[in-house]
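Please open the model in your viewer and keep the sequence panel beside it, as the tour moves from one selection to the next.

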Amino acid sequence: MRIARFSIDGNVAFGAVEGDKPDELVLDIIKGIPFADFELSGTKVPLSKVRLLPPVLPNKVVAFGRNYAEHAKELGNEVPDAAPFAFFKPSTSVIGPGDEIQYPSFSSELHHEAELAVVIGRMCREVPRERVKDVILGYTCANDVTARDVQKREKQWARAKGFDNSCPLGPWVETDLTLAAIAEGITIQCTVNGAQRQLGRTSEMIHSIEDLIVNITEAMTLLPGDVILTGTPAGVGPLNVGDEVAVTIEGIGTLTNKVIKRG
Ligand code: ZN
């Protein structure tokens with residue numbers, strides 16, 4: 001099931017996305033929230049009549065760095081051979097599909113990073129490997145937008161990766177993808193103004209989703225709606241004002257955002 005969060009006439013709701021043709025998608029409005037048992041209401045609205053919102057409002061976004069060897073190398077970093085390493089993007093960095101990425105005033109080198117995002121479905125900590133699948137609601141597309149110049153010059157990445165609008169998520173949460181399919185490899189693609197910049201497969205991840213969730217929940221509790229970013233494949237590159245950046249993940253969909261000048 002594809003679960004979208006949207007607003008219509010000033011109300012916010014979740015809906016199950018139905019249909020195959022992009023122009024003819026329909027939302028079946030969900031009674032309640034997708035983090036508990038829920039029912040479909042049977043009340044349907046065309047997707048074209050609503051505004052899609054970030055599919056979840058995370059309490060925190062935990063992002064893992066250098067999880068694809070080719071990307072680590074392109075930035076001149078060693079490929080981590082031991083434990084994964086994590087950093088945070090704050091809840092205020094999250095925007096939805098179609099929202100604008102505002103170019104931050106303190107950077108002149110903004111980069112896209114297309115990533116598979118894991119959406120957590122239930123409160124959890126110290127999750128054993130075999131239980132990881134039980135704490136995942138589903139998957140969505142993410143762009144770990146990064147002020148690369150700031151990242152190089154500041155020791156902590158709070159500003160470089162945590163500024164407002166630096167975490168586009170969407171367009172919806174796909175709940176039918178399996179850990180096995182992701183381990184086998186689904187494609188992650190990033191285009192800027194239609195030209196391909198990044199193309200990778202999740203099978204290239206150094207640390208699996210199980211590894212990442214075991215690693216982070218050793219340290220902290222994850223809450224329903226929290227998001228884990230799983231790293232970016234090679235090909236990161238600049239974003240400029242006016243660019244349209246699109247992250248497409250096989251079996252999920254496409255997340256598109258435009259870069260604008262911060263007003
Ligand atoms: Zn990243």
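Helices and strands are named here as DSSP runs, a helix having at least four residues and a strand at least two, and they are numbered from the N terminus. The model is a predicted one.

**The two domains**

Begin by colouring residues 2-52 as domain 1 and residues 61-261 as domain 2, the two parts into which the protein chain is divided. The centres of domain 1 and domain 2, taken over C-alpha atoms, are separated by 24 Å. Where they meet, domain 1 brings 10 residues to the contact and domain 2 brings 12 residues.

**R2 and its surroundings**

Next, select R2, which is found in strand β1 (residues 2-8). Is R2 buried or exposed? Its relative accessibility is 18%, and because buried means under 20%, R2 counts as buried. Leaving aside residues up to four places away in sequence, R2 touches G15, A16, V17, E18, G19, L25, W172, V173 and E174. Add I252 to the selection as well: it stands 250 residues from R2 along the chain, yet the C-alpha atoms of the pair are separated by 8.0 Å.

**The zinc ion**

Now centre the view on the zinc ion and show the side chains of E113, E115 and D144, whose OE, OE and OD atoms respectively are its protein donors, lying 1.9 to 2.1 Å from the ion. In sequence, these donor residues follow the spacing E-x1-E-x28-D. E113 and D144 link distant parts of the chain, 31 residues apart, with E113 in the loop between β10 (110-112) and β11 (114-120) and D144 in the loop between β12 (136-143) and β13 (146-147). If you switch on a surface, note that E113 counts as buried at 3% relative accessibility, and that D144, with a relative accessible area of 0%, is buried as well.

**The largest pocket**

Turn then to the largest pocket, which has a volume of about 240 Å³. Its lining is made of 19 residues, and to find its centre you can select R66, L75, N77, Q151 and W157, which lie nearest to that point. The elements giving two or more residues to this lining are β6 (61-65), α1 (69-74), β7 (85-89) and α3 (148-153). Which of the elements gives the most to the lining of the largest pocket? That is α3, with 3 residues. Coloured by residue class, the lining of the largest pocket divides into 6 nonpolar, 6 polar and 7 charged residues.

**Backbone details**

Stay with R66 for a moment and place it in the loop between β6 and α1, where it counts as partly exposed at 26% relative accessibility. Its backbone deserves a look, since most residues other than glycine have a negative phi, and most peptide bonds are trans. R66, although it is not a glycine, has a positive phi of about 50 degrees. Move on to N193, in the loop between β15 (187-192) and β16 (195-201); N193 is likewise not a glycine and has a positive phi of about 50 degrees.

For the last stop, select G170 and P171, which are joined by a cis peptide bond with omega at about 5 degrees. P171 lies in strand β14 (residues 167-174), and from here you can return to R2, which touches W172, V173 and E174 among other residues.

Definitions and conventions: Residues are numbered from 1 along each chain as its sequence is written. This is a predicted model: local features need pLDDT of at least 70, side-chain atom pairs count only at pLDDT 80 or more; totals for chains, interfaces and linings use all residues. Side-chain values use heavy atoms; hydrogens and water are left out. On a 1 Å grid over the protein atoms alone, a cavity is a set of points where a 1.4 Å probe fits but cannot get out, and a pocket is an open set with protein on both sides within 12 Å along at least five of seven lines; lining residues have an atom within 4 Å of a point. Grid points are joined across faces, edges and corners, and a volume is the space filled by probe spheres set on the points. Ala, Val, Leu, Ile, Met, Phe, Trp, Tyr, Cys and Pro count as nonpolar, Asp, Glu, Lys and Arg as charged, and the others, Gly among them, as polar. Donors are N, O and S atoms within 2.8 Å of the metal (3.2 Å for Na, K and Ca); water is not among the atoms, so sites may look incomplete. Buried means under 20% relative accessible area, exposed over 50%, partly exposed in between (1.4 Å probe, protein chains only). Domain bounds come from an automatic or database domain assignment. Contact means heavy atoms within 4.5 Å.
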